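Here is a friendly walk through one protein model, starting from the inside and working outwards. Have a look at the structure first, then read on.

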Amino acid sequence: METDQSVILEVRGLRQYFPIRQGFFRRTTGHIKAVDGVSFFIRENEILGLVGESGCGKTTTGRAILRLYDPTAGEVWYRKRDGERVDIARISQQEMKPLRRELRMIFQDPYSSLNPRFTVKDIIGEPLVIHGVIRGREMEDRIAELMLAVGLDPDYMVRYTHEFSGGQRQRIGLARTLSLSPRLIIADEPVSALDVSIQAQVLNLLQELRMDLGLTLLFVAHDLSVVEHVSDRIAVMYVGKLVEMAETEVLLGQPLHPYTEALISAVPPADPDIRLDRIILAGDVPSSANPPPGCVFHPRCRYARDVCLVEEPQLAEIRPGHYASCHCAAELSLQGIGEQA
Ligand code: SF4
């Protein structure tokens, strides 16, 4: 893992388990291992895409990083504006409070995440009031500036959210997120509730804001075709574990994990003349309360060998900057984008 000064966030062996309670006495009978030993890093001003099917633990990972949960185990090292490194997984909620200005989240659903009884001005200005940043006329100027930054007319600040479309509401949510000048944003499925035509506009806006404001983003999504458009690197999750991570072009062009290969095969090619050789995965995603032994992907993997049934592969750097957790990663020749015939 990276330890250089460009790394703003380093997650090491993060585990987030939730107890399963049953019976009259609500005894703990097991655990849902939503996140099970995840390690990755994000460099400053980078967009890291975190992709995987619904229920694979990617949203929980984002929430654990922001200490919306208390992690079961692992470390979350964040380099603050002043250069000091803190382990977010270990500090108290009181110590976490000032960091909440630097670490923000964009939520999935622009329809339910904004209070319909508040005006746009109230919604964007609320974090400024809570954190006691600015007030009065100065605050109105700041709200107008934020609305312009996300492509909204500041004259609309007195309107209510129901007067806006889904794409505009996501822009309002984004302006609210940006109000405290964050350094790291965790964007949890920020476009999945939007029409495809609007998705591209919001994705382009995120890219522009990253450049203009020097933001760093963890972009969480289930759709690889969305993640690939915005991410510098992509990390792939499956049943609570990270199975592959690399630069976007490398991961899509030369995947090293069979699960990534299957996800790539489902992405529609840019050229409609290219025939897709789609890999249909057999069976369902296993439960994170009772994951299979050995490699968690083995029941669905067409390359599985005997060792895969008993020995869990660890995430390892197979090529420089390209990590995968597969016993056969160095030997398999998997199909990437552009190789579909
Ligand atoms: Fe497939 Fe084995 Fe690799 Fe798991 S370790 S992805 S089962 S080849």
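The lining of the largest cavity has eleven nonpolar and four polar residues, with no charged residues. This is a predicted model, so please read the details below in that light.

In total, 15 residues line the largest cavity. Nearest its centre lie Pro-258, Cys-295, Cys-301, Cys-308 and Cys-326. The space inside the largest cavity comes to about 90 Å³, and a search of the whole structure turns up one cavity of 30 Å³ or more.

What sits in the largest cavity? The ligand does. Around the ligand there are 13 residues, and the closest are Cys-295, Cys-301, Cys-308, Cys-326 and His-327. No charged residue is found in this shell either: the ligand is surrounded by ten nonpolar and three polar residues.

The two sets of residues can be set side by side by class:

| Set | Nonpolar | Polar | Charged |
|---|---|---|---|
| Lining of the largest cavity | eleven residues | four residues | no residues |
| Shell around the ligand | ten residues | three residues | no residues |

Now for the protein as a whole. Its fold contains ten helices and twelve strands. The radius of gyration is 21 Å, close to the 20 Å given by the globule rule for 341 residues, so the protein is as compact as a globular protein of that length. Taken along the principal axes, the C-alpha atoms fill a box of roughly 70 × 60 × 45 Å. Of the 341 residues in the protein, 50% are buried.

Conventions:
Residues numbered from 1 in each chain as written. Predicted model: local features only at pLDDT ≥ 70, side-chain atom pairs only at ≥ 80, totals over all residues. Heavy atoms only, no water. Near = heavy atom within 4 Å. 1 Å grid on protein atoms, 1.4 Å probe; cavity = no way out; pocket = protein on both sides within 12 Å on 5 of 7 lines; lining within 4 Å. Sits in = over half its atoms within 2 Å of the grid points. Nonpolar A, V, L, I, M, F, W, Y, C, P; charged D, E, K, R; others polar. Points joined across faces, edges and corners; volume = space filled by probe spheres on them. Helix = DSSP H or I, 4+ residues; strand = E, 2+ residues; numbered from the N terminus. Rg over C-alpha atoms; globule rule 2.2 N^0.38 Å. Buried < 20%, exposed > 50% of the residue type's maximum accessible area, 1.4 Å probe, protein only.
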